[in-house]
Structures are given as structure tokens and as C-alpha cells.
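Q: I would like to learn how to read a structural model one feature at a time. Could we take each idea in general terms and then turn to the case at hand?

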Amino acid sequence: MRGIVKTYRGRKILNEVSCDFVPGLTLLVGPSGAGKSTLLRLVATAERPNRGSIEWNGEPLPGARSKLRQALGYAPQAVDLPDDLTAREFAMHMAALKGLDLAAADLQFAALTERIGLHADINNPIATFSGGMRRRLIFAQAMLGAPRLIALDEPTAELDRETAERVGAVILERAAEAIVIMTTHLADQLAPRAVDVLRIDNGLLASSRGGGGEEAA
Ligand SMILES: Nc1ncnc2c1ncn2[C@@H]1O[C@H](COP(=O)(O)OP(=O)(O)O)[C@@H](O)[C@H]1O
Ligand SMILES: [Mg+2]
């Protein structure tokens, strides 16, 4: 991103933000309302900046937008899930939209949900899901396929500590290969494993390099 400006109702939420995102875990921190979700929506091409440029693999958007989307796994902070579908049906819809092999995606979804404690419920309607179960489903669909760019907006919200740590372990594993950009209340715990910690405050971005980026045990 270069010189990104994002304005809502005349108010600059992001002000001349420039950043390179690299493989590994990048944590996005900052006070509530700072613009973390806004930045992730720009990364995910769910919104466009008012000014500035975004490149994917050295190719500018909008030309490279479809290539970026093919490489993308995105878990938005707030999303309405289709209550009448089961979790598995929803995941398979997402897999179809991503153009994935459905048999392979089904196996991957089963393995992912097993790890994050959702597997027993995947054939139940989403209508019966708690907030924490919905979070995990949104997370799991973002991880389907082998996305090289993963944007996760509060994937550990509403989760108990143990479950949040299970989700964190999956994220760290993926961050060995993919660019993972996330906001989380577990930022303090994950910071030593991050390649970068970006703080948004008053529309500006400050970077403080994290410790490692080594692969999860
Ligand atoms: N679609 C929108 N329309 C108007 N204002 C918005 C919109 N989305 C976000 N904002 C405002 O932009 C600011 C940053 O929001 P957000 O990116 O959600 O922050 P964070 O995720 O860091 O809590 C907030 O003041 C929020 O009210
Ligand atoms: Mg947010």
C-alpha cells in the first residue's frame, strides 16, 4: 500500500498509510475505531481507497484485483451468515465461489473444524450457532484452499482462551507460508511470533518489528 487515504463522511480514517505486507504474521493493533477493520477491507478489496495505490505482487490494482482475490482468504469482523444453511453447506458454497475442488475442500473443512472444536456441529443449521461458533465458521471458510493472502478481523473474539489458542495455532502454521494480517485481542501473546506489529492511531500507521515469525511447533 502506498499513500492510502480512506475517508468516511469527510473524516480521514486512514491518512497516507504506506506499508509492505510480507509472508508471516502481521498483527494490526490500535484503539477501537482506529481503522483496523477499514484497513483489512482495503486489503481484501471489499472497499477502495479515496487516494493511494495498492499493489499485489508488484502489479497495481484494479488490474491485479482478480489475482489478489484468487489468493485471498478473508474473515470479516461482522458478517450475516445464512442461518438456514448448515455450517458445512455454507463452507461448501464458499469453496465453490473460490473455485476449489469440493471433495478436497470438504475434507479440509472437516480437519480444520476438528482442530478448532467445531466439528461436532458442522451439520447443524447456523441458526443454532453461538457467537463463538459463528466466529470459528467465518475463520474456517477464510482458510479454505491455500490462500497466500489471509486477512483475519478479530477471529478470536468471543472465544474462550483455550479455543482462541487453538485458532491461533492454525494461524501460526499458515503464516509459515502465507501473508497473514490480523487483528486480535491475543496480540500480546502472538507478538513474539509476528514478523511485524502495525499500530494504527489517528489515521497513521507505525511499525514495530516483532520477534520471530518461526513456524508453529
Ligand atoms: N462504512 C462506514 N461508514 C462510515 N463510517 C465508518 C464506516 N466504517 C467505519 N467507519 C468509521 O471509521 C472508523 C474506523 O472504523 P473501523 O475500521 O471499524 O475501526 P476498528 O476496526 O479499528 O475498530 C470509526 O470511526 C468508524 O465509525
Ligand atoms: Mg474492527
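Q: Does Gly73 count as buried or exposed, and why?
A: In this predicted model, the question is settled by counting C-beta atoms around the residue, with 20 or more inside 10 Å as the mark of a buried one. Gly73 has 24 such neighbours inside 10 Å, and it therefore counts as buried. Gly73 is part of strand 7, which covers residues 72-75.

Q: Which residues does Gly73 touch, once those up to four places away in sequence are left out?
A: With those sequence neighbours set aside, Gly73 touches Ala142, Met143, Pro147 and Ile150. A related distance is that between the C-alpha atoms of Gly73 and Ala140, which are separated by 9.5 Å although the two residues lie 67 apart along the chain.

Q: How should I read the nonpolar core, and which of its residues touch the most other members?
A: In soluble globular proteins, nonpolar side chains tend to be buried together. Here the largest nonpolar core holds 57 residues, and those that touch the most other members are Ala140, Ala151, Leu152 and Val180. Helix 5, residues 131-143, gives the most to this core, with 7 residues. Val180 can serve as an example: leaving out residues up to four places away in sequence, Val180 touches Leu25, Thr26, Ile150, Leu152, Ile171, Arg174 and Ala175.

Q: How is helix 1 placed relative to the rest of the structure, and why?
A: An α-helix has 3.6 residues a turn, so residues three or four places apart point the same way. In helix 1, 6 of the 8 residues are buried, so this helix is largely enclosed by the rest of the structure. The buried ones are Lys36, Thr38, Leu39, Leu40, Leu42 and Val43, and the elements that cover them include strand 1, strand 2, strand 3, strand 8, strand 9 and strand 10. After helix 1 comes Thr45, which has a positive phi near 60°.

Q: Which residues surround ligand 1, and how do they divide by character?
A: A shell of this kind can be read by its members and by their chemical character. Ligand 1 is surrounded by Tyr8, Arg9, Ile13, Gly30, Ser32, Gly33, Ala34, Gly35, Lys36, Ser37 and Thr38, and these divide into 3 nonpolar, 6 polar and 2 charged residues. Helix 1, residues 36-43, supplies the largest share of the shell, 3 residues.

Q: In which sense does strand 1 pair with strand 2 and strand 4, and over how many bridges?
A: In a regular strand the side chains alternate between the two faces of the sheet. Strand 1, residues 2-8, runs antiparallel to strand 2, residues 11-17, and 4 bridges join the two; one bridge partner to note is Val17 in strand 2, which pairs with Ile4. Strand 1 also pairs in the antiparallel sense with strand 4, residues 51-53, over 2 bridges, and there Arg2 has Ser53 as its bridge partner. The hairpin of strand 1 and strand 2 has 2 residues between the strands, and in this hairpin Arg9 takes a positive phi near 45°.

Q: What is the overall make-up of the protein, and how compact is it?
A: The secondary structure comes to 7 helices and 11 strands. The radius of gyration is 17 Å, close to the 17 Å that the globule rule gives for 217 residues, so the protein is as compact as a globular protein of that length. The C-alpha trace spans about 45 × 35 × 30 Å along its principal axes, and 37% of the 217 residues count as buried. Of the contacts between residues at least 6 apart in sequence, 68% join residues at least 24 apart.

Terms used:
Residues numbered from 1 in each chain as written. Chains lettered and ligands numbered in written order. Predicted model: local features only at pLDDT ≥ 70, side-chain atom pairs only at ≥ 80, totals over all residues. Pairing = 2+ DSSP bridges. Helix = DSSP H or I, 4+ residues; strand = E, 2+ residues; numbered from the N terminus. Core = buried A, V, L, I, M, F, W, Y, C linked by C-beta atoms within 7 Å. Buried ≥ 20, exposed ≤ 12 C-beta atoms within 10 Å, placed from the backbone. Contact = placed C-beta atoms within 7 Å. Near = placed C-beta within 6 Å. Nonpolar A, V, L, I, M, F, W, Y, C, P; charged D, E, K, R; others polar. Rg over C-alpha atoms; globule rule 2.2 N^0.38 Å.
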